[in-house]
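Reader: Could you walk me through one spot where helices pack together, slowly and in plain words?

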Amino acid sequence: MKVLMVCLGNICRSPMAEGIMRHKLEKHKIKGLVDSAGTANYHVGENPDDRAIAMAQKYGINISQLIGRQFNVNDFDNFDRIYVMDASNYQNIIRLARNETDKAKVKLILDEIYPDQGMSVPDPYYGGDEGFENVYSLLEQACECIAQRLK
Ligand code: 4NP
């Protein structure tokens, strides 16, 4: 199972999701590969935001070495599932899809815990630490749900 986590900048939400999902696969002894990417190119080559690194570290997950990259069309071939954080990411990725197979891989990550509600993981970039705590909590629940179904 190859899973790609996608947000806008690839420095806050999707690197946290990547770290949490990798941790879940290890915990449940599930074979798989996890990566993350941004729809935008603003932060390509950068490590995650310090607040995202600190939040993951608080729960024993090290994401400090991850490096931002932009989503590209080859990701449709390289991954089985593409989890997006919000409705805007969803539109941006769907726009790049070449066919129905590509489109079928793209899912809102919070649909895992709140099916068919179209909920988004809020962008924490311009807010305070409580935003990162909320993002962590949502992603932790969603990734646990994904892992349980993969077992
Ligand atoms: P992310 O957060 O999409 O969760 O990585 C953001 C990071 C950077 C920006 C916006 C959102 N930005 O505008 O630079």
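Author: Sure, let's start with helix H2 (residues 50–58) and H6: their axes come within 10 Å and cross at roughly 50°. Helices here are DSSP runs of H or I with at least four residues, numbered from the N terminus. Axes are lines fitted to C-alpha atoms over the stretch in contact, and angles run from 0 to 180 degrees between N-to-C directions. H2 and H6 are therefore oblique to each other; that word covers what is left once you take out roughly parallel (under 35 degrees), roughly antiparallel (over 145) and roughly perpendicular (65 to 115).

Before going on, this is a predicted model, where local features need pLDDT of at least 70, side-chain atom pairs count only at pLDDT 80 or more, and totals for chains, interfaces and linings use all residues. Residues are numbered from 1 along each chain as its sequence is written, and side-chain values use heavy atoms, leaving out hydrogens and water.

Now, who touches whom? From H2, Arg-51, Ala-52, Met-55, Ala-56 and Lys-58 meet Asp-129, Phe-132, Glu-133 and Tyr-136 of H6, with contact meaning heavy atoms within 4.5 Å. Sorted by class, that H2–H6 contact holds 5 nonpolar, no polar and 4 charged residues.

H6 (residues 129–150) also packs against helix H1 (residues 13–27), at an angle of about 40° with the axes 9 Å apart. H1 and H6 are therefore oblique to each other. Among the H1 residues in this contact are Met-16, Ile-20 and Leu-25, while the H6 side includes Phe-132, Tyr-136 and Leu-139. By class, the H1–H6 contact has 13 nonpolar, no polar and 5 charged residues.

Key
Helices (H or I, at least four residues) and strands (E, at least two) are DSSP runs, numbered from the N terminus. Ala, Val, Leu, Ile, Met, Phe, Trp, Tyr, Cys and Pro count as nonpolar, Asp, Glu, Lys and Arg as charged, and the others, Gly among them, as polar.
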